[in-house]
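Thanks for coming, everyone. Please have the sequence and the model up on your screens. I'll keep this brisk.

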Amino acid sequence: MSREPRIERLTPWLVGALLVLALNSAYLAAFPAASVTYYSQVALHAILGLALVVATAGWALIRRPCLGRFSATALGVGFLAGALGVAVLWFGATRPYRSLLAAHVVTAAATVLLVAIAVIRNLRGRSRGQLAWAFGAGLTIVAISAVGALLATLTRDARLRETFAIRNPQTPPASMDHEGAGVKGPFFPSSADTSTGGIVPSDFFLSSRSCERCHKDIYDQWNASAHHFSSFNNQWYRKSIEYMQDVVGTRPSRWCAGCHDHAMLFSGVFDRPVKEQIDTPEAQAGLGCMSCHAITKVRSTMGQGDFEIEYPSLHGLASSEQPALRALHDKLLELSPRPHREAFLKPFHREQLPDFCSACHKVHLDVPVNGYRWIRGFNDYDNWQASGVSGEGARSFYYPPAPMKCLDCHMPLVPSTDPAARNGRVRSHRFIAANTALPYVNGDDEQLKGTQDFLRSGQVSVDVFALVRGAAGAQEAGAGPRGEPQLSSTFAVGEESASFGAARSVLEAPGEVVAPLDGVDAVVRRGESVRVDVVVRTRNVGHFFPGGTVDAFDVWVELEAVDDKGQVLLHSGFVEDGGRGPVDPSAHLYRSLMLDERGNPIDKRNAWATRSVAYVRLIPPGAADTVHYRLRVPESAGDRITLRARVNHRKFSWWNTQWSFAGVRDPRDPQPAVGPGYDDGQWVFTGDTSRASGKRKGIPTLPITVMAEAEATVRVGAAPSRAEDPAATPALRGRWNDYGIGLLLQGDLKGAEAAFLRVTQLDPKYADGWVNVARARIQEGNMTGAEQVLRRALPLDPALAKTHFFLGTALKALGRYDEALGHFREAGARYPRDRVVRNQLGRVLFLQRKYSEAVVEFQKVLEVDPEDLQAHYNLMLAHQGLGNDEAADRERQLYERFKADESAQAITGRYRQLHPFDNSERQAVHEHGDFRPQAPREAAPRGAVSAAPASHVMPSSPSGGER
């Protein structure tokens, strides 16, 4: 038999193989999945493609004399597609080589089309035998498959967004028993779960090094991050969990493990006390790559680890101990990275990242954890969502140029050669924030520098702004905002509240304000006592400052007044022991001071024992805090006094660090009074530190970072006849506005109104100035006065949503419901996810007895936050109005679950008597003086019980001290 007929018989097989390869390509395009089946098809595609190129090359060499121009063109395009395919096989199809893949796809599709035309031309005029019918059927199938694959590809992103969208339930669970997988779930009381509802092998969470093979840059970044050191490789966390398990057992501590200890929790070993397994790989793993990237579902933004993790089918291949299998896995992923990318980078990772992060950066405690009731723990999500930083809050004081998400600050773009890099950059996985303690004890200078640089990069500012004469000292709180129930919380409340968290009001006439100190001739007289006002402003912070577990930090304002003789006239916020010890107990501290049921401070990260809060002081995003100091100018003062202010940050408080590394029970108290809700025991800091987590084994002296600093100088002498006002500038307007914001949020309504009126004098066309005057008047109850200034603001910026909101608020209080409704709807149209706007809309509809419409608005609030207290309260009333007794009862239960326990404030009484500085800090408006040990003792600020500077911190001593 001659070679020619045999080659002729090969032609249909080559065409058929091409059609099969085309069908395989359509499948790969339409159904990408990180599965064995799919990657088997990827391997088949490569093998079949290579075989087809080789066979066609042999066929073409023999048939070359018989080939027409068109067939030769088809072959040429086909060989180009094959060459590009070989290049893809060599280089892969990762992001740097996407253009190579695209060229291969285009030329391969052109090859199929040209071959089809060539075959049809060859068959034209011949009898249609079985081969012709087979070719026609195959071509039809390929065409239909190609169209289907194209449609599937075009709609895939939308389908993935719909499948993985994070949506809140309309109604939250009535108790923690129904959160996550429920009380019978293997990980309860954490809400975290797996896709199967069962355990996952721990090696899944220990395999971050397998990711390093392709993503070395990202792995190295993560390796230094706080996520990596979230578990028992973190001595502060380790000590708190060991203590928790000693006091209340292992089951409640799963609540922590859902966001800290995935290798232990999901493998089922967390019920064994951690002390018994502290050196296991699981206990030292932290949160690895899979802790975030294997999450396939986030059920809500209620936090608590409310997510599901899925064990991927290819994990065994990726982490195999056989080098050949690992290499095969990596090559297949390199050839088709899309399924891998879709498996580990869900739409919510890119488009709903703050909602995703809320799963662990927002928590609450309840009976299974604290044996008490529902109470909000730390919460970095809600105040971001409700603020101008998110672009979803209608009532913010300030807005960034564009809305910002978590990654804009904590995962900035950095240069990288990683395969996932876009334009040579990836999102940093160092997760830089405020944790200077971990890199310090780990000896990681690069991570420490990055963290300190971040803290110093304009996150907050400080301004020594004013001298005030004639102002009152510490003032007791007046009434809180009327008609707004308070959430049960250990954290601050910001723009998610109608009052913006200003729960107290003080109605005292403002003193004489001399400001700004660097712009006027400010003079004090010897023998005089004046108030110095310092303004701290959040600038690049997207949540409360500070954020996170604010019961354990040292973040404070320091002010020092030094005259030109070198005399220190005032020093508030000093650090004892030459900067190594506790912070001045009379300093202005940003923290949550929580108490257990016997009034002991929560200082061991034992949040589960919290029963009451002495005070919470944090600054909302895009807001300010005004801090007051009492400066007494002695007769011996020089001619000039320099005032220096700093905002200082130490990741963990001195006492907590001492306790975490060396805290042991005082041997003189062998049977301490300890229970699930209290600890009256004594501690000494003499424990063995040789096995502490981290490279540094002694008790570390943590670095103190100066986040912001400023100074101003005042003259000492006779006051000028008249201080000239500085020229009006946007910067000056902003400083007065910040000053007023700080006064407003602490409830000094008259002082705030005076500051905001000064803003309107500096710039009458600045609508926010008039709006802020109205804020103060509304909080005071002066609705008519508020309406007057809001009517002045409206023409200046008719689209300003906050003007419409506050005008609606004033009109509602005046009983003009239809007008109020119009303005609330105007604000809601611009900011449909502002919960307070929606709540006010619903409230007006309720007052108009439009109960069904009111219910719709309150349900929109719950789509944003299912735990919104105001919405549940008003839904209870609206359902009562509709006669829906069952629904009303359900809302009543939820309202009572989330509402604060006012009686718990009785716990603070004795503590405040024993700790006058903390009692002073609790007051709406208070002052700080000079309480240095060597300074002459002076009376405590008004509102303090005693002048003795007592504090709950343990004094330093050679042995570490004792309390």
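One definition before we start: two strands pair if DSSP finds at least two bridges between them. Helices (H or I, at least four residues) and strands (E, at least two) are DSSP runs, numbered from the N terminus.

Now the ground rules. This is a predicted model: local features need pLDDT of at least 70, side-chain atom pairs count only at pLDDT 80 or more, and totals for chains, interfaces and linings use all residues. Residues are numbered from 1 along each chain as its sequence is written, and side-chain values use heavy atoms, with hydrogens and water left out.

First, the overall picture. The protein has 35 helices and 24 strands. Its C-alpha trace spans about 120 × 70 × 65 Å along the principal axes. Of the 963 residues, 56% are buried. Buried means under 20% relative accessible area, exposed over 50%, partly exposed in between, with a 1.4 Å probe and protein chains only.

Next, contacts, meaning heavy atoms within 4.5 Å. Take those between residues at least 6 apart in sequence: 73% of them join residues at least 24 apart.

Charge next. Lys and Arg count as positive, Asp and Glu as negative; His and the chain ends are not counted. We have 108 positive and 103 negative side chains. The centres of the two sets lie 7 Å apart. Each charge is placed at NZ of Lys, CZ of Arg, CG of Asp or CD of Glu.

Now go to strand E12, residues 554–563. How many of its residues are buried? The count is 10 of 10. Look at the two faces. Asp554, Trp556, Glu558, Glu560 and Val562 point one way. Val555, Val557, Leu559, Ala561 and Asp563 point the other way. All of these are buried, acidic residues such as Asp554 and Glu558 included.

Who are the partners of E12? Strand E18, residues 640–650, runs antiparallel to E12 and is joined to it by 10 bridges. In that pair, Asp554 stands opposite Arg650. Strand E14, residues 588–589, also pairs with E12 in the antiparallel sense, over 2 bridges. There, His588 is the bridge partner of Val557. Then comes strand E13, residues 568–572, antiparallel to E12 with 4 bridges. Val562 of E12 stands opposite Val568 of E13. E12 and E13 form a hairpin, with 4 residues between them. Gly566 sits in that turn, with a positive phi of about 90°.

Over to an open sheet of 5 strands. The order is E9-E8-E11-E17-E24, with mixed pairing. Why is one side of E9 and of E24 left without a neighbour in the sheet? Strands E9 (512–514) and E24 (927–928) stand at the edges and have a single partner strand each, so one side of each stays free of a neighbour in the sheet. Helix H24, residues 730–745, packs on this sheet. The helix touches E8, E9, E11 and E17 (624–632), and its direction makes about 90° with that of E17. That angle is between N-to-C directions, on a scale from 0 to 180 degrees; axes are lines fitted to C-alpha atoms, for helices over the stretch in contact.

Inside the sheet, E8 (460–469) and E11 (529–538) pair in the antiparallel sense over 8 bridges. Val462 has Val536 in E11 as its bridge partner.

Last stop: an open sheet of 3 strands, ordered E1-E3-E2, again with mixed pairing. E1 (193–194) and E2 (295–298) are the edge strands, each pairing on one side only. E2 and E3 (307–309) pair in the antiparallel sense over 3 bridges. Lys297 has Glu308 in E3 as its bridge partner.
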